[in-house]
Amino acid sequence: MEPAARKQKILSAIVERYIRSGEPVGSKSLLADAGLKVSSATVRNDMAELTEKGYIAQPHTSAGRVPTELGYRYYVDNVMQLTPVSEHGRATIRDTLSAGADSPESILQCAAELLARLTDGVALTTTPDGDAARVRRISFVSTGAHGGMAVVIASNGAITTRLFRCEFLLTPEILHVFDKALNETFAGVLLGSVNRPFVQTAAAGFGELSLFMTSPLMAVMEACAQAAQVNICRSGYDRLINAADGNPQTARRIWEFLQNGHDLAAMLGRAPQGVSVTIGGENSRTELGKCSVITARYAADESLSGVLAVISSMRTDYARTLSVLQCTAETVGELIDGLIEL
C-alpha cells in the first residue's frame with residue numbers, strides 16, 4: 001500500500017474507532033482495526049506525520065491519538081461512505097411521520113422528535129420559507145353572533161387563523177360575501193406583500209363593502225404575516241450534554257442559543273441545498289464551536305424548502321446521521337407536498 005493511502009486508512013480507522021469508543025487510539029489497536037500489514041513502528045511514524053499536519057492530536061504524552069476538526073473534515077469529505085437507510089428503516093420513518101401528517105407543523109415536530117431519537121443529538125426543523133409562498137385560499141368561519149375566524153391557507157402548506165369581531169350580526173350570507181371578495185383579491189398574492197398599504201388599497205377597491213370589512217381584512221393580514229414566518233420545531237434538549245461532549249458549560253451556551261429564535265432561524269436559513277456538515281470552528285456561531293451541525297434541505301411545492309438539522313458532538317457517527325437525515329428530509333418533503341396539493 002502506498003504511504004498516502006496507508007495514512008488515509010490510518011486516519012479513517014482513528015476517526016471511526018474514536019467515534020465508537022471516545023478513547024484515544026493507540027498504534028497497536030490500529031494495526032487490527034485498519035488491517036495493515038506493516039510494523040508498529042511504521043504506524044507510529046505515520047501517526048506522527050498526521051499529528052504534525054494537524055489531522056490528529058495527542059491529548060497526553062502517553063496517550064493515543066484523537067481526531068482534530070481537520071481530521072473529521074478530511075474524513076467526511078474524502079473517506080466516509082454513506083450506507084442508504086434500509087427499506088425497513090424507510091418504511092418506519094414514513095409510518096412515524098405519516099401518523100402526524102395533518103399539517104406541515106405536525107409533520108415537522110414529529111420529524112424533530114424522530115431525528116433526536118435516531119441520532120442522539122439535538123434536532124431542529126423549520127417550516128418552508130415564506131418569502132416565496134403565496135395565498136392559496138382564504139376561508140371564514142363563524143365563532144358567534146358577532147365573531148368570526150379568518151383561515152389563510154398558503155402555498156407553503158401553512159394554515160394560520162385569526163379571530164375577529166364585528167359590531168354587526170355575522171350571518172352565513174355575509175361570511176360568504178367576505179369569502180368571495182377576499183379570495184378574488186388575495187389569491188396568488190405573495191404572503192409578504194399582504195401588508196397595511198396592500199390592505200388599504202384592497203379596501204378601497206371594495207367600495208361601500210369596505211365599511212364592513214375592516215376587522216376581517218386586519219385578521220387576514222395578521223394571518224398572512226404569521227404564515228410567512230419561519231417556525232422552528234425543537235427536540236432532544238435532553239441530548240444537549242451529548243452535543244456538548246459532556247461539557248455542562250458548553251451545553252448551557254447551546255441551550256441559550258437555541259432559545260434565540262431569530263438568530264437560530266437566520267443560521268438555519270443559510271443552510272445550502274442538499275446535505276451539509278459544518279464541524280467545530282466552521283460553524284458561524286461560537287456557541288457551536290465544539291459541535292457538528294448536520295443539515296438537509298427538504299423540498300415542498302417545487303421551489304419552497306425548509307431545513308432539518310442535527311446538532312451533535314464532533315464525535316458523532318456522520319455516515320449514519322447523514323443517511324437518516326437525508327431519508328427523513330425526502331419523506332418530509334413528500335408528505336408536505338401531499339398536504340399542499342389537497
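Biologist: Let's start with the strands. How many bridges join E4 to strand E5 (residues 147–154), and in which direction do the two run?

Modeller: Seven bridges join E4 to E5, and the two strands run antiparallel. Keep in mind that this is a predicted model. For one pair of residues to look at, take Ser142, which stands opposite Gly148 in E5.

Biologist: And what is the strand order in the open sheet?

Modeller: The order is E4-E5-E6, three strands with antiparallel pairing. Strand E4 (135–142) and strand E6 (159–165) are the edge strands, since each of them pairs on one side only. If you ignore direction, neighbouring strands of this sheet are turned by 20° against each other on average.

Biologist: Which strands does H7 lie across?

Modeller: H7 lies across E4 and E6, and its direction runs at about 165° to E4. H9 packs on the sheet too, where H9 touches E4, E5 and E6. The direction of H9 makes about 155° with that of E6.

Biologist: Now the two helices themselves. What do I need to describe a packed pair?

Modeller: In general, you describe two packed helices by the angle between their axes and the distance between the axes. Here, the axes of helix H7 (residues 172–186) and helix H9 (residues 214–228) come within 12 Å and cross at roughly 45°. An angle from 35 to 65 degrees is neither roughly parallel nor roughly perpendicular, so H7 and H9 are oblique to each other. As for the hand, H7 passes H9 in a right-handed crossing.

Biologist: Which residues make that contact?

Modeller: From H7 you have Phe178, Leu182 and Phe186, and from H9 it's Pro216, Leu217 and Val220. Sort the residues of this contact by type and you get six nonpolar, no polar and no charged.

Biologist: Let's jump to the other end of the chain. Where does Ile14 sit, and is Ile14 buried or exposed?

Modeller: Ile14 is in helix H1 (residues 3–21). The cut-off for buried is under 20% relative accessible area; Ile14 has 0%, so it counts as buried.

Biologist: What is Ile14 in contact with, leaving aside neighbours within four places in sequence?

Modeller: With those neighbours set aside, Ile14 is in contact with Val25, Leu30, Met47, Ile56, Arg65, Val66 and Pro67. Another pair to look up is Ile14 and Gly71: they're 57 residues apart along the chain, yet their C-alpha atoms are separated by 9.4 Å.

Methods:
Residues numbered from 1 in each chain as written. Predicted model: local features only at pLDDT ≥ 70, side-chain atom pairs only at ≥ 80, totals over all residues. Heavy atoms only, no water. Axes fitted to C-alpha atoms, helices over the stretch in contact; angles between N-to-C directions. Helix = DSSP H or I, 4+ residues; strand = E, 2+ residues; numbered from the N terminus. Parallel < 35°, antiparallel > 145°, perpendicular 65-115°, else oblique. Left-handed = near helix turned anticlockwise from the far one by under 90°. Contact = heavy atoms within 4.5 Å. Nonpolar A, V, L, I, M, F, W, Y, C, P; charged D, E, K, R; others polar. Pairing = 2+ DSSP bridges. Buried < 20%, exposed > 50% of the residue type's maximum accessible area, 1.4 Å probe, protein only.
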